[in-house]
Amino acid sequence: MKIHQLLDSTSVIITNEESSFINGHQGHIPLSSLDDHEVWVAQNLVRKNVYQLTKDNKHIVINQGHENQQPTI
């Protein structure tokens, strides 16, 4: 791997389930509207920096910097 490939950006591995969650949940998502499994998927996406928690920790929003990255399946 070349240095410019490392410095450009890292790929984020997204599963099919996470991809369908992203496609189905755009914008401002209240965590209270999600069931237990969807909360688990959302937590994984927050860890992967696809979504961000709001300051009140009750909502998630899509990370603006992630939109330009190409997810790896």
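These are legends for a set of close-up views of one predicted model.

**View 1. The whole chain, from end to end.**
This predicted chain has 3 helices and 3 strands. Follow the sequence along and you'll meet them in the pattern α-α-β-α-β-β. Of the 73 residues, 26% count as buried. If you take contacts between residues at least 6 apart in sequence, 56% of them join residues at least 24 apart.

**View 2. Where the predictor is confident.**
The average pLDDT for the chain is 84, and 75% of the residues score at least 70. Helix H3, residues 36-47, comes out highest, with a mean of 95. At the other end of the scale sits helix H1, residues 3-8, where confidence is lowest, at a mean of 67.

**View 3. The sheet and its edges.**
Here 3 strands make an open sheet, ordered E1-E3-E2, with antiparallel pairing. Strands E1 (28-30) and E2 (51-53) stand at the edges with a single partner strand each, so one side of each has no neighbour in the sheet. Going from one strand to the next, the twist averages 30°.

**View 4. E2 alongside E3.**
This one zooms in on a single strand pair. E2 and E3 (residues 59-62) pair in the antiparallel sense, and 3 bridges link them. To find your way around, start at Tyr 51: its bridge partner in E3 is Ile 62.

**View 5. The two faces of helix H2.**
H2 covers residues 16-24, and Glu 18, Phe 21 and Ile 22 are buried in it. These three span an arc of only 100° around the axis, which is why they end up on the same side of H2. What do the buried residues of H2 pack against? They pack against H3, E2 and E3. Look at the face turned away from that buried side and you'll see the exposed residues Asn 16, Asn 23 and Gly 24.

**View 6. Asn 63 and its surroundings.**
Asn 63 is in the segment that comes after E3. Is Asn 63 buried or exposed? Its relative accessible area is 10%, and the cut-off for buried is under 20%, so Asn 63 counts as buried. The side chain of Asn 63 makes a polar contact, at 2.9 Å, with the side chain of Asn 49. Leaving aside residues up to four places away in sequence, Asn 63 touches Asn 49, Val 50, Tyr 51 and Gln 52. One of these, Tyr 51, also appears in View 4 as the bridge partner of Ile 62.

Terms used
Residues numbered from 1 in each chain as written. Predicted model: local features only at pLDDT ≥ 70, side-chain atom pairs only at ≥ 80, totals over all residues. Heavy atoms only, no water. Pairing = 2+ DSSP bridges. Axes fitted to C-alpha atoms, helices over the stretch in contact; angles between N-to-C directions. pLDDT = per-residue confidence, 0-100. Buried < 20%, exposed > 50% of the residue type's maximum accessible area, 1.4 Å probe, protein only. Arc of directions from axis to C-beta. Contact = heavy atoms within 4.5 Å. Polar contact = N/O pair within 3.5 Å; in protein donor to acceptor, adjacent residues only side chain to side chain.
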